[in-house]
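Trainee: I should like to go through this structure with you, one region at a time. May we begin with the helices and then turn to the sheet and the side chains?

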Amino acid sequence: MSDTTVYRASTTAPVNIAVIKYWGKRDTSLNLPTNSSLSVTLSQKSLKTHTTASCSSSYTGQDSLLLNGEPEDIQSSKRTQACLQLLRRFRKDVEAKDSSLPKLADMPLKLVSANNFPTAAGLASSAAGFAALVRSIANLYDLPHSPTQLSLIARQGSGSACRSLMGGYVAWRAGSSKDGQDSIAEEVAPVSHWPDMRALILVVSADKKGVPSTAGMQTTVETSTLFNVRAEEIVPKRMAMMEEAIQAKDFPKFAETTMKDSNSFHACCLDSWPPIHYLNDVSRAAMNAVETINRRAGELVAAYTFDAGPNAVIYYEEKNEKLVAGVFRYVLQSVKGWDGEYGGQVPLNDRGALESKTVMTLKGGVSRIICTGVGGGPEQIDEHLVDERGQPVRV
C-alpha cells in the first residue's frame with residue numbers, strides 16, 4: 001500500500017532592514033554581492049511571512065506556490081528552482097543514510113505562503129519570503145543544517161533573505177570565493193544584547209516599485225561612477241563602524257553610520273544612468289523630520305534609512321520613544337497603525353514642532369504606520385496553511 005500521507009511543516013520568518021546596504025552583484029547566478037551588509041531583524045509581532053511546506057506522493061504535477069492566495073510561477077523562476085534543488089539534494093543525502101525514511105525529496109512540493117505586509121513595496125518582502133520558504137522546507141525535510149548553512153541557500157533566492165534566517169543584528173559577509181561558499185550570514189549580536197532598539201516604518205506607497213531591485217542593482221554596477229568607491233572603500237569601513245556601535249550599544253554612532261550609508265546608497269542610485277529614483281517628497285519630508293528631532297534633542301536620537309523604495313524606516317531607542325515616535329504620532333494621529341504591542345505605547349509629543357511643509361507632506365503621503373522593534377529569527381509553528389488533505393487553508 002503506497003504512502004499518501006501529506007507531510008507538512010510551517011514556519012514564520014521576519015523582515016530585516018539593512019543599516020549597511022547590499023547593492024550590486026559580483027555574480028548574478030549565485031546572487032553574490034559586491035559588498036557586505038548588516039541589518040536589524042524586526043519583530044514578527046509586526047511583520048512576518050507565514051509559509052507551509054508540504055509534500056505527498058498523492059500530489060500530482062509540478063511543485064507549486066500559492067502566495068497571498070494567488071498562484072506564483074515558480075517553474076520559470078531560476079532563483080526559486082535553485083533553492084528547491086539544493087534542499088532536495090540535502091534531503092536525498094539524509095535519506096541515503098537511513099533507508100527507513102520516507103522519500104520526501106521525490107514528492108512534489110505544495111507551498112502556501114502569506115505576508116502580513118504589502119509585497120514588493122520596499123518592505124523586504126522577498127527576504128522574509130525566501131527565508132520562510134527555505135526554513136519551512138528544511139524543517140519538512142528534517143535537515144540538520146544551521147541557519148548559517150541555510151543562508152547559503154536562501155541567498156540564492158533573495159540576497160537579503162540570508163539575513164532573515166537569524167534574529168537580532170545580522171551581517172551578510174560578501175566573501176571572495178567564486179563558488180560563493182564564504183558568502184554567508186552571521187549573527188553580530190542577539191536580540192538580548194540590545195533589545196530596546198525600536199523601528200517606526202512610514203509606509204509611503206503600497207504599490208510595486210517602478211524599478212525592481214535586481215534591475216536597479218545591475219544598472220548601478222554598470223553605469224555609476226560612485227559605485228566602486230562605495231563598494232570597495234566606504235562600505236568596509238562602515239561595516240566595522242557599525243559592528244563597533246552595536247557591540248557598544250552606541251546609538252549616536254549607529255545613527256550617524258545608518259543615515260550616511262542610506263544617503264550613499266541612494267546617491268549611487270541617482271548617479272546611475274538612467275538615474276534611479278526610489279525616494280520621493282514624502283521620503284524627504286521624513287528625513288527632514290528626523291533631522292529636526294535630532295537638532296532639537298541636541299544629539300542623535302533617531303536615524304532614518306531607506307531601502308529600494310520610498311518607505312522611511314526610523315530607528316530609535318525605547319528610552320527616546322516620546323522624543324522620536326511621539327512626534328510622528330502627534331503629526332500622524334489619524335493614520336492606521338498606532339496600535340499593538342509597540343504602537344500602542346507611543347505617547348503623543350506636541351512639543352517637537354516640525355516645519356509646516358514637512359507636516360503637510362507627511363499627512364498627505366503616509367498611508368500606514370508600522371511600529372516594531374528588534375526581533376528573533378524564524379519560528380516553527382503548528383498553524384498550517386495546508387490541511388491534512390493537501391488543500392490550502394484560507395487565512
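Mentor: Certainly; please keep in mind that this is a predicted model. Let us begin with helix H3.

Trainee: Which elements do the buried residues of H3 pack against?

Mentor: Eight of the eleven residues of H3, which spans residues 147–157, are buried, so the helix is largely enclosed by the rest of the structure. Among the buried residues are Leu150, Leu152, Ile153 and Arg155. They pack against strand E4, helix H1, helix H2, strand E10 and strand E11.

Trainee: What covers the buried residues of H4?

Mentor: Helix H4 is formed by residues 213–223. Within H4, Gly216, Met217, Gln218 and Thr220 are buried. Their cover includes strand E3 (25–27), helix H5 (227–248) and helix H6 (251–271).

Trainee: Is Ser37 buried or exposed, and with which side chain does its own side chain make a polar contact?

Mentor: Ser37 belongs to strand E5, residues 37–41. Its relative accessible area is 0%, which is under the 20% limit, so Ser37 is buried. Beyond its neighbours within four places in sequence, Ser37 is in contact with residues including Tyr22, Val170, Trp172 and Met239. The polar contact, at 2.7 Å, is with the side chain of Arg163.

Trainee: Tyr22 and Trp172 form an aromatic pair; what is its geometry?

Mentor: The structure holds eight aromatic pairs. In the pair of Tyr22 and Trp172, the centres are 4.6 Å apart and the planes meet at 65°. This pair links distant parts of the chain, as Tyr22 lies in the loop between strands E2 and E3 while Trp172 lies in strand E10, 150 residues apart. Both residues are buried, and the geometry of their pair is edge-to-face.

Trainee: Which residues do ring pairs link into a cluster, and which residue lies over the face of Tyr59?

Mentor: The cluster linked by ring pairs consists of Tyr169, Trp194, Phe251, Phe254 and Tyr315. Over the face of Tyr59, at 4.3 Å from the ring centre, lies Lys110.

Trainee: In what order do the four strands of the open sheet run?

Mentor: The pairing in this sheet is antiparallel. Strands E13 (303–305) and E15 (368–373) each pair on one side only, and they are the edge strands. From one strand to the next, the twist averages 20°. The order is E13-E14-E12-E15.

Trainee: What is the bridge partner of Ile201 in E14?

Mentor: Strand E12 (residues 197–203) and strand E14 (residues 312–317) run antiparallel and are joined by six bridges. The partner of Ile201 in E14 is Val313.

Trainee: At about what angle does helix H7 run to E13?

Mentor: Helix H7, residues 281–297, lies across E12, E13 and E14. Helix H8 (residues 321–331) also packs on the sheet, where it touches E12 and E14, and its direction makes about 150° with that of E14. For H7 and E13, the angle is about 165°.

Trainee: Is Lys178 buried or exposed, and what distance separates its C-alpha atom from that of Gly377?

Mentor: Lys178 is located in the loop between E10 and E11. Its relative accessibility is 76%, which is over the 50% limit, so Lys178 counts as exposed. Not counting residues up to four places away in sequence, Lys178 touches Asp27, Leu30 and Leu32. Gly377 is 199 residues from Lys178 along the chain, and the separation of their C-alpha atoms is 28 Å.

Technical notes. Residues numbered from 1 in each chain as written. Predicted model: local features only at pLDDT ≥ 70, side-chain atom pairs only at ≥ 80, totals over all residues. Heavy atoms only, no water. Buried < 20%, exposed > 50% of the residue type's maximum accessible area, 1.4 Å probe, protein only. Helix = DSSP H or I, 4+ residues; strand = E, 2+ residues; numbered from the N terminus. Contact = heavy atoms within 4.5 Å. Polar contact = N/O pair within 3.5 Å; in protein donor to acceptor, adjacent residues only side chain to side chain. Pairing = 2+ DSSP bridges. Axes fitted to C-alpha atoms, helices over the stretch in contact; angles between N-to-C directions. Phe/Tyr/Trp six-rings, centres within 6.5 Å; stacked < 30°, edge-to-face > 60°. Lys NZ or Arg CZ within 6 Å of the ring centre and 35° of its normal.
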